Amino acid sequence: MTVTPGQDRRDLVATVAVKLKDGREVSRQVTSFKGTPERPLARAELQEKFLLLTKHLGRDKMAPLFDRLQGIENEKTLDWLNV
């Protein structure tokens with residue numbers, strides 16, 4: 001995904017381009033896709049994506065972290081986030 005200069009970063013646009021065997025290229029731009037505010041991920045989908053992106057850190061460590069992050073507004077401090 002790229003942001004065009006001058007484009008508002010809140011306006012997400014994804015362009016998918018496919019080059020056919022005969023050399024033609026077909027493309028389509030979409031602004032509403034899974035994971036955008038208009039089509040948010042369900043909790044299970046978000047957890048699956050989080051665990052996929054953090055798999056190198058270990059599922060046994062990341063699954064509890066995901067749950068804790070889901071309730072971050074209830075945390076008194078963020079000291080537990082070793083960032």
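What follows is a walk through the fold and the side-chain contacts of this protein. The model is a predicted one, so please read each distance and angle below as a computed value.

Let us begin with the overall layout. The protein has two strands and two helices, and along the sequence these elements come in the order β-β-α-α. Of the 83 residues, 14% are buried. Among the contacts with a separation of 6 or more, 8% are between residues 24 or more positions apart. The accessible surface comes to about 7,300 Å², and carbon and sulfur atoms account for 53% of that area.

Now to the strands. Strand β1 covers residues 14-19 and runs antiparallel to β2, with six bridges joining the two. If you would like a place to look within this pairing, find alanine 17, which stands opposite serine 27 in β2. Together β1 and β2 make a hairpin, with five residues between the strands. In the turn you will find glycine 23, whose phi is positive at about 100°.

From the hairpin we can move on towards the helices by way of the charged side chains. Side chains of opposite charge can pair when their charged atoms come close. In this model the count is four salt bridges, and three of them can be visited here, starting with lysine 34 and glutamate 45. The closest N and O atoms of lysine 34 and glutamate 45 are 3.4 Å apart. Lysine 34 sits in the loop between β2 (25-30) and α1 (43-53), while glutamate 45 belongs to helix α1, so this salt bridge ties together parts that are 11 residues apart in sequence. Lysine 34 is partly exposed, at a relative accessible area of 43%, and glutamate 45 is also partly exposed, at 31%.

What does arginine 43 pair with in a salt bridge? Its partner is aspartate 67, and their closest N and O atoms are 2.9 Å apart. This pair links distant parts of the chain, since arginine 43 is in helix α1 and aspartate 67 is in helix α2 (residues 59-70), 24 residues apart. Arginine 43 has a relative accessibility of 45% and counts as partly exposed; aspartate 67 is partly exposed too, at 41%.

The two helices also share an aromatic contact. A pair of aromatic rings is described by the distance of the centres and the angle of the planes. One aromatic pair is counted in the protein: the rings of phenylalanine 50 and phenylalanine 66 have centres 5.5 Å apart and planes at 45°, so the pair is tilted. Phenylalanine 50 lies in helix α1 and phenylalanine 66 in helix α2, which makes this another link between distant parts of the chain, here 16 residues apart. Is phenylalanine 66 buried or exposed? With a relative accessibility of 2%, phenylalanine 66 counts as buried.

Our last stop is arginine 68, which takes part in two kinds of contact. The side chain of arginine 68 meets that of glutamate 75 in a salt bridge, at 2.9 Å from N to O. Arginine 68 also lies over the face of tryptophan 80, at 4.1 Å from the ring centre. As for exposure, arginine 68 is partly exposed at 36% relative accessibility, and glutamate 75 is partly exposed with a relative accessible area of 26%.

Notes
Residues are numbered from 1 along each chain as its sequence is written. This is a predicted model: local features need pLDDT of at least 70, side-chain atom pairs count only at pLDDT 80 or more; totals for chains, interfaces and linings use all residues. Side-chain values use heavy atoms; hydrogens and water are left out. Helices (H or I, at least four residues) and strands (E, at least two) are DSSP runs, numbered from the N terminus. Buried means under 20% relative accessible area, exposed over 50%, partly exposed in between (1.4 Å probe, protein chains only). Contact means heavy atoms within 4.5 Å. Accessible areas come from the Shrake-Rupley method with a 1.4 Å probe; for residues, only the protein chains shown count as cover. Two strands pair if DSSP finds at least two bridges between them. Rings of Phe, Tyr and Trp (its six-membered ring) pair if their centres lie within 6.5 Å; planes under 30 degrees apart count as stacked, over 60 as edge-to-face and the rest as tilted. A charge sits over a ring if NZ of Lys or CZ of Arg is within 6 Å of the ring centre and within 35 degrees of the ring normal.
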